[in-house]
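User: Could you take me on a close look at the aromatic residues inside this protein and what surrounds them? I am in my first year, so please go step by step.

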Amino acid sequence: MSPKRLFRAFAFAEAVTWTILIVAMILKYAGGVDAAVLVGGSIHGFVFLAYAFAAVLVGVNQRWSLGLIAFAVVTAIVPYATIPFELWLMRRGRLDGDWRHERTDHPADGTWVNRMLRWFLARPVLLTVVAGIGIAAVFTTLLIVGPPGGREA
């Protein structure tokens with residue numbers, strides 16, 4: 001899967017889970033189905049974390065600035081904003097190209113972040129497992145801490 005396809009998939013998934021969360025909130029506040037937000041919020045939260053990871057991974061691979069990577073993550077906070085952001089990236093060619101498995105003459109390729117990127121890209125199964133465990137660990141920690149606004153929100 002190319003960086004473009006990975007980013008597009010997670011940008012779309014993030015938007016879909018916003019719909020799930022919004023429907024869940026309507027069910028809770030208009031229909032009294034309190035568990036809907038627990039389920040919808042959990043799905044959305046997990047996909048949010050996965051999108052953030054994908055944005056950082058693709059951003060480093062595509063040599064985006066730190067500001068652009070941070071903005072990519074922030075777009076997931078605004079409902080459906082990942083879709084126009086992804087389209088903006090596409091129009092500007094910021095998702096073009098393949099994974100960078102080899103070092104080039106680019107000055108950034110010597111940094112520890114880029115060395116680690118290439119090391120993990122050479123081991124895609126390990127990258128997937130480590131990413132999954134990391135996302136699950138952050139998700140679990142956030143569940144223990146509690147939802148934004150407290151448990152009664």
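Analyst: Happy to! Let's start with the whole chain and then zoom in. The protein chain has six helices and zero strands, so its elements, read from the N terminus, run α-α-α-α-α-α under the usual reading of DSSP runs as helices and strands. Please keep in mind that this is a predicted model. Its C-alpha atoms fill a box of roughly 60 × 35 × 25 Å along the principal axes. Of the 153 residues in the chain, 35% are buried. Among contacts with a separation of 6 or more, 63% are between residues 24 or more positions apart.

Now to the aromatic part. A search of the whole structure finds seven aromatic pairs. One of them is formed by F7 and W64, which meet edge-to-face, with 5.8 Å centre to centre and 85° between the planes. If those two values look unfamiliar, here is the idea: a pair of aromatic rings is described by the distance of the centres and the angle of the planes. This pair links distant parts of the chain, with F7 in helix 1 and W64 in the loop between helix 2 and helix 3 (66–74), 57 residues apart. Both F7 and W64 are buried.

Another edge-to-face pair is made by F71 and F85, with 5.4 Å centre to centre and 70° between the planes. F71 lies in helix 3 and F85 in helix 4 (residues 82–91), so this pair ties together parts that are 14 residues apart in sequence. Are its two partners buried or exposed? F71 has a relative accessible area of 46%, which makes it partly exposed, whereas F85 has 5% and is buried.

These rings belong to a wider group. Ring pairs link F7, Y51, W64, F71, F85 and W88 into a cluster.

Let's stay with F85 for a moment and ask what it touches. Not counting residues up to four places away in sequence, F85 touches F7, Y51, L68, F71, A72 and T75. Three of the names in that list, F7, Y51 and F71, also appear in the ring cluster.

A72 is a good next stop. You will find it in helix 3, and it counts as buried because its relative accessibility is 0%. Leaving aside neighbours within four places in sequence, A72 is in contact with Y51, A55, W64 and F85. The C-alpha atoms of A72 and L89 are separated by 9.8 Å, and these residues are 17 apart along the chain.

Stepping back, we come to the nonpolar core. The largest one has 22 residues, and those with the most contacts inside it are F7, Y51, V58, W64, F85 and L89. Helix 1, helix 2, helix 3, helix 4 and helix 5 (112–121) each supply at least two of its residues. Which helix gives the largest share? That is helix 2, with six residues. A general tendency is worth remembering here: in soluble globular proteins, nonpolar side chains tend to be buried together.

The loops beside these helices hold two residues with a special backbone angle. Most residues other than glycine have a negative phi, and most peptide bonds are trans. R63, however, has a positive phi of about 60° although it is not a glycine. R63 is found in the loop between helix 2 and helix 3, the loop that also holds W64. With a relative accessible area of 31%, R63 is partly exposed. Y80 has a positive phi too, about 70°, and is likewise not a glycine. Y80 lies in the loop between helix 3 and helix 4 and counts as partly exposed at 35% relative accessibility.

Finally, let's look at the outside. The chain exposes about 9,000 Å², and carbon and sulfur atoms supply 72% of it. F12, V16, I20, L38, V39 and I43 make a nonpolar surface patch of about 530 Å². Helix 1 (3–31) and helix 2 (35–61) are the elements that give two or more residues to this patch. One patch member, V16, sits in helix 1 and is partly exposed, with a relative accessible area of 34%. Helix 1 and helix 2 therefore turn up in both stories, since they give residues to the surface patch and are also among the helices that supply the core.

Notes
Residues numbered from 1 in each chain as written. Predicted model: local features only at pLDDT ≥ 70, side-chain atom pairs only at ≥ 80, totals over all residues. Heavy atoms only, no water. Patch = residues over 30% accessible without salt bridge, like charges linked within 9 Å, V, L, I, M, F, W, Y side chains within 5 Å. Areas by Shrake-Rupley, 256 points an atom, 1.4 Å probe, with all protein chains shown as cover. Salt bridge = Lys/Arg side-chain N within 4 Å of Asp/Glu carboxyl O. Helix = DSSP H or I, 4+ residues; strand = E, 2+ residues; numbered from the N terminus. Buried < 20%, exposed > 50% of the residue type's maximum accessible area, 1.4 Å probe, protein only. Phe/Tyr/Trp six-rings, centres within 6.5 Å; stacked < 30°, edge-to-face > 60°. Core = buried A, V, L, I, M, F, W, Y, C linked by side-chain atoms within 4.5 Å. Contact = heavy atoms within 4.5 Å.
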